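Biologist: I'm new to this one and would rather get to know one part well than skim the whole thing. Could you pick a part and take me through it slowly, step by step?

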Amino acid sequence: RYGGETGRQGQDRRPSYGGPVVQNQRHTCRASGRRTKMRKLPLLTSGIALCVATMASANDDLMTQMDDAKQWAIQTGDYANQRYSELDQINADNVGDLQVAWTFSTGVLRGHEGSPLVIGDTMYVHTPFPNIVYALDLANEGKIKWKYEP
């Protein structure tokens, strides 16, 4: 059922829900009343394709880091969320011999909810509110490389 313009034969008809007047691949702009060709869909499709291509190339480096057992680039180690490391330097025979090498305090007494990330010789740690991010140098007893306070 159509409401609004009932029109004569060959004229545009406006649906009762107030949608756009469409005829012959043209779109009537409600604000100006002008008719324009429908070019938004190809533009939107091109924009989405560009975003997907950019995301894929940005993700390649992350995938490479996750394939390296010495890196812990995402919270769970991989997209399967297994939290498993192939490293075998610590095992059932020597775990009892471990000792604290150094400690780091964020100064926040509330619980920390996020896991640290380790990439190369840098450990990234964040605090709960006030959301401070630290980059720690693992080759230098956890010395702070930089600190970000939003």
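Modeller: Let's start with Ile 90, which sits in the loop between helix H1 (residues 40-67) and strand S4 (residues 117-119). Keep in mind as we go that this is a predicted model. Together with Val 95 and Leu 98, Ile 90 makes a nonpolar patch on the surface, with an area of about 280 Å².

Stay in that loop for a moment. Asn 81 also belongs to the stretch between H1 and S4. Its backbone is worth a look: phi is near 60°, so to speak on the positive side, in a residue that is not a glycine. As for its surroundings, Asn 81 is partly exposed, at a relative accessible area of 45%.

Thr 106 is another resident of the loop between H1 and S4. With 14% relative accessibility, though, Thr 106 falls under the 20% cut-off and so counts as buried. Its side chain has two contacts to look for. One goes to the backbone nitrogen of Val 108, at 3.3 Å. The other is a polar contact with the side chain of His 112, at 2.8 Å.

Now follow the chain out of the loop and into the part I'd like to dwell on, the sheet. Four strands make it up, in the order S4-S5-S6-S7, and the sheet is open, with antiparallel pairing. S4 and S7 are the edge strands: each has a single partner, so one side of each has no neighbour in the sheet. Going from one strand to the next, the twist averages 20°.

Let's cross the sheet one pair at a time, beginning at S4. Three bridges connect S4 to S5, and the two run antiparallel. Want a residue pair to find on screen? Val 118 has Met 123 of S5 as its bridge partner. The hairpin made by S4 and S5 has two residues between the strands, and Gly 120 in that turn has a positive phi of about 65°.

Next comes S5 with S6. S5 covers residues 122-126, and five bridges tie it to S6 in the antiparallel sense. Met 123 turns up again here, this time opposite Leu 136 in S6. So you can place Met 123 from both sides: Val 118 is its bridge partner in one pairing, and Leu 136 faces it in the other. Further along S5, His 126 stands opposite Val 133 of S6.

The connection between S5 and S6 deserves a pause. This hairpin has six residues between its strands. Pro 130 lies in this loop, and the peptide bond leading from Phe 129 into Pro 130 is cis, with omega near 25°. Asn 131 is found in the loop between S5 and S6 as well. Like the glycine in the earlier turn, Asn 131 has a positive phi, of about 60°, although it is not a glycine. Its relative accessibility is 42%, which puts Asn 131 in the partly exposed class.

That brings us to S6 itself, residues 133-137. Four of its five residues are buried, so S6 is largely enclosed by the rest of the structure. On one flank S6 has S5, through five bridges. Its other pairing is with S7, residues 143-148, again antiparallel and over five bridges. A handy marker for this second pairing is Tyr 134, whose bridge partner in S7 is Lys 147.

Last stop, the turn from S6 into S7. These two strands form a hairpin with five residues between them, and Glu 141 in the turn has a positive phi of about 50°. From there the chain runs into S7, which is an edge strand of the sheet, just as S4 is.

Notes. Residues numbered from 1 in each chain as written. Predicted model: local features only at pLDDT ≥ 70, side-chain atom pairs only at ≥ 80, totals over all residues. Heavy atoms only, no water. Buried < 20%, exposed > 50% of the residue type's maximum accessible area, 1.4 Å probe, protein only. Pairing = 2+ DSSP bridges. Patch = residues over 30% accessible without salt bridge, like charges linked within 9 Å, V, L, I, M, F, W, Y side chains within 5 Å. Areas by Shrake-Rupley, 256 points an atom, 1.4 Å probe, with all protein chains shown as cover. Salt bridge = Lys/Arg side-chain N within 4 Å of Asp/Glu carboxyl O. Axes fitted to C-alpha atoms, helices over the stretch in contact; angles between N-to-C directions. Polar contact = N/O pair within 3.5 Å; in protein donor to acceptor, adjacent residues only side chain to side chain.
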